Amino acid sequence: MRRIGVVGSGYVGTVVAACLAHVGHEVIGLEVDPEKLGCLARGEVPFFESGLRELVLEGLGSGRLRFTHDPAETMRSSQVVFLCVGTPSGGDGRPDMTAAENAARSLAPHVEDHVFVTKSTVPIGSGQWLQSILEDAAPDPAWASFSVVSNPEFLREGTAVHDFLHPDRVVIGSDDPAALDVVADVYAPIVDQFFPGSNGRRPTLIRTGQATAETIKYAANAFLATKISFINELASICELVGADVTEVATAIGLDHRIGSAFLRAGIGWGGSCFGKDLRALVATVDEYGTDAPLLRAAIEVNERRRSLTVETLRRSLKTIRGRRIAIFGLAFKPGTDDLRDAPAVDIARRLLNAGALVTAYDPIVRNVADLPMLRIVDDPYDAADRADAVLVATEWEEFVGLDLDALRRRMRGGILLDGRNLFDPAAVESAGLTYHGVGRGARRHARAGSHSA
Ligand code: UGA
């Protein structure tokens, strides 16, 4: 058992704190926002993440998890300090490191022989940067002997608790082998899958250098985002040649060198990570006076998907101004209420700017603060009331079970733009709706063939 401090209680920090307490460590979470702190101390998680509330309550109940606003108490109560503060995108693509710097400065006066673990996604080279900030702000650098380890997170929102407790790999990077031993020890229950609810599948522990660990994080997200952009570009080709991208994806995904995950074509990726991390990697490459054309293309293909969605609606409705358009799903993906860089919100904004009347339904989201013109209702059929078109923008399971006949009856038009390829086109069309998917040219082709036969 180790004594652990976790700084920041957003998605990542709260998951890290609750999961480390669950596997047996003694954890103190540092949160400077009094409102958030109050919630957490009562066992309330101020955002939606499956299974997290239960683990926070379990940790508070067992006494292995507590929260404080006090950096001194956090440092006194811990040997290992996980930095989990936000690093949102700054204006120039580089992550904004203000919160990380403020956190480091508040902890530094209390530093002794702590091991600092950067869990936040930080630009490559930040381990060194953090070391210097801590050295400068520590009371007496001569006796403060601390280390910095990079430990990137690979948590998906919605399944973050599962991903933390049952990872494919754990990456720890530092140029100090003793510090790596300490962090490896923190992860021992997870690497050995020795905790209540373990599934016995032991992840690989990767020990490496600081810069390599930092690069692994960016490489993973850049690859996943590029994979989606790849299949979305293929979707455009499928539309041209009359092929079905869902079948193409299934077939190529069966090749184990390619793999089937992250090959779902649609209106593109969003969220707080892919766009931010790709832009940060491009900005890093810029600093070296060189270029990353593949990463730039992945971003561009993704942006183009959003404008293509509006164009598809314009083509089928002829005009956008005054049209009623229903959007199903607002969050950037199912299982979360997170709207950061959500394709649905971006597309809603574009449609509103073009003069459409847009009504949305999302199983969780009830408000989009910066889009007051967007009407949000709590029933999908009400969202579709007198709509000219419905756009399915987030792949929520529950949409698949919608009664398409009832939907059609509520609409005044008949367009269903399936931005996530959730529906069987034949079922949509037999309900009297006109189906548009993403990259599903084969359907139109097949029908055209059967008409002429
Ligand atoms: C992503 C990574 O998957 C995590 O491994 C990583 O830790 C995290 O970023 C992070 O850096 O913190 P997340 O942003 O939660 O996780 O969401 P994903 O499940 O990766 O989905 C991202 C977007 O891609 C969503 O908008 C989703 O709809 C879209 N997507 C995903 C597709 O369009 N097609 C697919 O095949 C898969």
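What volume does the largest pocket have? I looked that up first and got about 1200 Å³. My rule for a pocket, on a 1 Å grid over the protein atoms alone, is an open set of points where a 1.4 Å probe fits, with protein on both sides within 12 Å along at least five of seven lines. A volume is the space filled by probe spheres set on those points, joined across faces, edges and corners.

Ground rules: this is a predicted model, where local features need pLDDT of at least 70 and side-chain atom pairs count only at pLDDT 80 or more, while totals for chains, interfaces and linings use all residues. Residues are numbered from 1 along each chain as its sequence is written, and side-chain values use heavy atoms, leaving out hydrogens and water.

**Lining of the largest pocket**

I counted lining residues as those with an atom within 4 Å of a grid point. There are 41 of them, and Arg156, Asp163, Leu224, Phe262 and Lys333 are the closest to the centre. Helix 9 (210–241) is one of the elements that supply at least two lining residues, and its 5 residues are the largest share. Helices here are DSSP runs of H or I with at least four residues, numbered from the N terminus. By class I get 17 nonpolar, 11 polar and 13 charged residues; Asp, Glu, Lys and Arg count as charged, Ala, Val, Leu, Ile, Met, Phe, Trp, Tyr, Cys and Pro as nonpolar, and the others, Gly among them, as polar.

**The ligand**

Which space does the ligand take? I found it in the largest pocket, going by more than half of its atoms lying within 2 Å of the grid points.

Next I checked its neighbours, meaning residues with a heavy atom within 4 Å. There are 22 around the ligand, and Glu153, Glu157, Lys217, Asn221 and Phe332 come nearest. Helix 9 gives the most to this shell, 4 residues. The shell has 10 nonpolar, 3 polar and 9 charged residues.

For polar contacts I took pairs of N or O atoms within 3.5 Å. A side-chain N or O atom of Lys217 sits 2.6 Å from a ligand oxygen. Leu155 uses a backbone N or O atom, 2.8 Å from an oxygen of the ligand, and Leu263 does so at 3.3 Å. I also noted that the protein covers 94% of the 710 Å² of accessible area the ligand has on its own, by the Shrake-Rupley method with a 1.4 Å probe.

**Second pocket**

I noted about 870 Å³ for the second largest pocket. Its lining has 39 residues, with Cys84, Val85, Gly86, Thr87 and Arg340 nearest the centre.

How values were computed:
Polar contact = N/O pair within 3.5 Å; in protein donor to acceptor, adjacent residues only side chain to side chain.
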